[in-house]
Amino acid sequence: AISLDVSAPPPRQARQPGPGRITPAQLHHALYDSRTSSPLVLLDVRPKHLYSAAALRGSINIPLGELAARLGEVRAAVDAAKSVAGGSGGGGGISGGGDGGSGAPGVVYCVCSRGNHSQLAERYLRALG
């Protein structure tokens, strides 16, 4: 199991926070704060061999190049997270998008090794709503 050291400084090559980007501490808060009200999905968009070497607990792996073809899996994961969190299921809001009137929207956190692929995935999912 991999632990997240939320107090560690970001690596030198880390990009500055921008729209759609969060820090490891913010992700930790979203994952483990019991007051988080939105159901969430942790989507790892790294290639399978990198995911199998080190995966965040509870994440699903859909490599960036397969995301468009496997979008249904993301929606299903959001719906499953809603049912666990007590939501009523439904349309599956993605990355802050609308929820089709089904309660709290599902939030998808995209992660990768350096932030480039996850940022592309986040933009793609946000454009889909």
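# Helix α4 and the sheet it lies across

Visitor: Which residues of α4 are buried?

Guide: This is a predicted model. In α4, the buried residues are Ser118, Gln119, Ala121, Glu122 and Leu125.

Visitor: Where do these buried residues sit around the axis of α4?

Guide: The buried residues in question are Ser118, Gln119, Ala121, Glu122 and Leu125. They cover an arc of only 160° around the axis, which means that they lie on the same side of α4.

Visitor: Which residues are exposed on the other side of α4?

Guide: Exposed here stands for a relative accessible area over 50%. On the side of α4 away from the buried residues, that applies to Arg123 and Ala127.

Visitor: What span does α4 reach from its first C-alpha to its last?

Guide: Helix α4 takes in residues 116–128, which is 13 residues. At 1.5 Å a residue, 18 Å is expected. The span in the model is close to that, at 19 Å.

Visitor: Which residue follows α4, and what is the sign of its phi?

Guide: The helix ends at residue 128. The residue after α4 has a phi near 85°, so to speak on the positive side; the residue is Gly129, and the sign is positive.

Visitor: What pattern does the protein chain follow along the sequence?

Guide: The chain holds four helices and three strands. Read along the sequence, they give the pattern α-β-α-β-α-β-α.

Visitor: In what order do the three strands stand in the open sheet?

Guide: The edge strands are β2 (60–61) and β3, each of which pairs on one side only. β1 pairs with β2 over two bridges, and five bridges join β1 to β3. The pairing is parallel, and the order is β2-β1-β3.

Visitor: Which residue of β3 stands opposite Val41?

Guide: β1 and β3 run parallel. Leu40 in this pairing stands opposite Val107, and the bridge partner of Leu42 is Tyr109. For Val41, the residue opposite is Val108.

Visitor: Which residue of β2 stands opposite Leu43?

Guide: β1 and β2 pair in the parallel sense. Opposite Leu43, in β2, is Ile60.

Visitor: How many of the five residues of β1 are buried?

Guide: β1 is largely enclosed by the rest of the structure. β3 is mostly covered too, with four of its five residues buried. For β1, the number of buried residues is four.

Visitor: At about what angle does α4 run to β3?

Guide: Two helices can be placed against the sheet. Helix α1 (residues 24–32) packs on it, touching β1 and β3, and its direction makes about 135° with that of β1. α4 lies across β1 and β3, and its angle to β3 is about 155°.

Visitor: Which element gives the most residues to the largest nonpolar core?

Guide: The largest nonpolar core has 14 residues, and those with the most contacts inside it include Val41, Leu43, Val108 and Leu125. At least two residues come from each of β1 (40–44), α3 (71–85), β3 (107–111) and α4. Five residues come from the element that gives the most, α3.

Visitor: Is Val108 buried or exposed?

Guide: Val108 belongs to strand β3. A residue counts as buried under 20% relative accessible area. Val108 has 5%, so the term that applies is buried.

Visitor: How many Å apart in space are Val108 and Leu125?

Guide: Both are among the residues with the most contacts inside the largest nonpolar core. In sequence they are 17 residues apart. In space, C-alpha to C-alpha, Val108 and Leu125 are apart by 8.6 Å.

Visitor: What separates the C-alpha atoms of Leu71 and Leu125?

Guide: Leu71 is found in helix α3, and it is buried, with a relative accessible area of 15%. Along the chain, Leu71 and Leu125 are 54 residues apart. Their C-alpha atoms are separated by 8.9 Å.

Visitor: What share of the 129 residues in the protein chain is buried?

Guide: Being buried requires a relative accessible area under 20%. Among the 129 residues of the protein chain, the buried share is 33%.

How values were computed. Residues are numbered from 1 along each chain as its sequence is written. This is a predicted model: local features need pLDDT of at least 70, side-chain atom pairs count only at pLDDT 80 or more; totals for chains, interfaces and linings use all residues. Side-chain values use heavy atoms; hydrogens and water are left out. The expected span of a helix is 1.5 Å times one less than its number of residues. Buried means under 20% relative accessible area, exposed over 50%, partly exposed in between (1.4 Å probe, protein chains only). The arc is that of the directions from the helix axis to the C-beta atoms. A nonpolar core is a set of buried Ala, Val, Leu, Ile, Met, Phe, Trp, Tyr and Cys residues joined through side-chain atoms within 4.5 Å. Two strands pair if DSSP finds at least two bridges between them. Contact means heavy atoms within 4.5 Å. Axes are lines fitted to C-alpha atoms, for helices over the stretch in contact, and angles run from 0 to 180 degrees between N-to-C directions.
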